[in-house]
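Q: Hey, can you walk me through this structure? I'm new to this, so plain words please.
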Amino acid sequence: MKHQLISKIVREFAENEIQPMVAELDREARFPHEIVERMKPLHFFGLQVPKNLGGAGLDTISYAIVIEELSRVSAALGLCVTVHNSVGISPILEFGTREQINRFVPAMAAGDSIGAFCLTEANAGSDAGGVETSAREIQDGYIINGTKIFVTNGGVAGTILVFAVTEGAGSTANVFIVEQDRPGFLVGEIEDLCGMRANPVSSLFFEDCKVPRENLLGKPGQGLKIGLKGLDTGRIGIAAQALGIAQAAFEASVTYAKERQQFNKPISRFQTIQNYLADMATSIDAARLLLHRAAAFKDKGTPFSAQAAMAKLFCSDTARTVTDMAVQIHGGYGYSKEYDVERYFRDAKVTQIYEGTSEVQRMVIARHILTQPS
């Protein structure tokens, strides 16, 4: 009942508050600050943050449901919320000191400071070991230099987790918490992307950006561990986002197939269309089961890296396949911006790329398989 209630509340909010603006936001590539203000009281920005820190304290399945329902209407806002919660807040909650948690999390949970995680670089896409951003240790902190690209929420982020290599003997990877107003921190131009156009993706520049020692997240040298754990959590959110896109495309296709007339009957009576719809429904149900299994593993406190990778791989592939079928069902109209399936088609593709490409997910899954006892 709890999960059904959460789904109902979020769906009503998304349809009433976001749906009327979603085409405009996509067309103008505009981040909807006004909608964000209306999201704040519903705790969208602190979904799994404990209630004593201002969050909703939800379990991971509930979190996945929220992201799916948001993304069913606006994948771009679903992306903002999942990245903020999963790789923005979650690492601070898990690896932060009590002082860091009390200092950063309440404002993030309230939606007053949007979170972002900076790993990707021009020469280090999926290779965390190839990161070139450096952090030079000084007496009272660190000086960060480097450039991060394709940062989700980059244009609006107030609290940024930066993956960097500490210079010197025994160079190690670390994660630093950087506030937006730090001198030496600069936001690049917003990317003009194919999909997710209402999310402000940008490059971020760090030019002799000084952060105090207390902004080091976790213990020295824990950067890779923090990054990988954050990606595991993030993949559950991206899987939910992809599932929401697929669900929206499926629902639009069912409606259109019942209404569209060809040869004096609705196209839903043609076997080919019925086969498309059957395949779409089956894939979506299978994807949702994989997603909720990964979420349940996380809630139980058991390792969930492989399960998250499977969910992300299958859900993103499902989104891509289902939206392609949706365009096909709509025919020429599906290729027109007058119909939402055109946007779903564009939004779906990137779910196979960020938070680790589909090829990387297969590597994670295969490694899990090959390291298990025979």
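What follows is a chat about helix packing, cysteines and a few single residues.

Q: Okay, what kind of model is this, and how do the residue numbers work?
A: It's a predicted model, where local features need pLDDT of at least 70 and side-chain atom pairs count only at pLDDT 80 or more, while totals for chains, interfaces and linings use all residues. Residues are numbered from 1 along each chain as its sequence is written, and side-chain values use heavy atoms, with hydrogens and water left out.

Q: Cool. How do people describe two packed helices?
A: By the angle between their axes and the distance between the axes. Axes here are lines fitted to C-alpha atoms, for helices over the stretch in contact, and angles run from 0 to 180 degrees between N-to-C directions. Helices (H or I, at least four residues) and strands (E, at least two) are DSSP runs, numbered from the N terminus.

Q: So how do helix 5 and helix 6 cross?
A: Helix 5 covers residues 75–95 and helix 6 covers residues 98–109; their axes come within 9 Å and cross at roughly 160°. That makes the two roughly antiparallel, a label for angles over 145 degrees, with under 35 being roughly parallel, 65 to 115 roughly perpendicular and the rest oblique.

Q: Which residues make that contact?
A: From helix 5 you have H84, G88, I89, I92 and L93, and from helix 6 there are Q100, I101, F104, V105, M108 and A109. Contact means heavy atoms within 4.5 Å. Sorted by class, these residues give eight nonpolar, three polar and no charged. For the classes, Ala, Val, Leu, Ile, Met, Phe, Trp, Tyr, Cys and Pro are nonpolar, Asp, Glu, Lys and Arg are charged, and the others, Gly among them, are polar.

Q: And which hand does the crossing of helix 5 and helix 6 have?
A: Left-handed. The rule is that the near helix is turned anticlockwise from the far one by less than a right angle for left-handed, and clockwise for right-handed.

Q: What about helix 5 and helix 7?
A: Their axes come within 9 Å and cross at roughly 155°, so helix 5 is roughly antiparallel to helix 7. The crossing of helix 5 and helix 7 is right-handed. Among the residues in the contact are A75, L79 and T82 of helix 5, and G237, I238 and Q241 of helix 7. By class, the contact of helix 5 with helix 7 has nine nonpolar, eight polar and three charged residues.

Q: You mentioned Q241. Is Q241 buried or exposed?
A: Q241 counts as buried, because its relative accessibility is 0%. Buried means under 20% relative accessible area, exposed over 50%, and partly exposed in between (1.4 Å probe, protein chains only). Q241 lies in helix 7, residues 223–259. Not counting residues up to four places away in sequence, Q241 touches I67, S71, A75, L79, M196, T351 and Y354.

Q: How do helix 8 and helix 9 pack?
A: Helix 8 (residues 271–300) and helix 9 (residues 305–330) have axes 9 Å apart and an angle of about 160°. They're therefore roughly antiparallel, and their crossing is left-handed. The contact of helix 8 with helix 9 holds 20 nonpolar, four polar and two charged residues.

Q: Switching topic: how many disulfides are there?
A: Zero. A disulfide is a pair of cysteine sulfur atoms within 2.5 Å.

Q: Why is C209 not bonded to C118?
A: Because the sulfur of C209 is 11 Å from the closest cysteine sulfur, the one in C118, and that's too far for a bond. C118 is buried at 0% relative accessible area, and C209 is buried at 0% too.

Q: What's G141 up to?
A: G141 sits in strand 3, residues 141–151, and is buried at 0% relative accessibility. G141 and R213 are 72 residues apart in sequence, yet their C-alpha atoms are 4.0 Å apart. Leaving aside neighbours within four places in sequence, G141 contacts R136, V211, P212 and R213.

Q: Anything odd about F150 in that strand?
A: F150, also in strand 3, has a positive phi of about 50° although it is not a glycine. At 49% relative accessibility, F150 is partly exposed.

Q: And A29?
A: A29 has a positive phi of about 50° and is not a glycine either. A29 is in the loop between helix 2 (22–28) and helix 3 (33–39), and is partly exposed at 32% relative accessibility.
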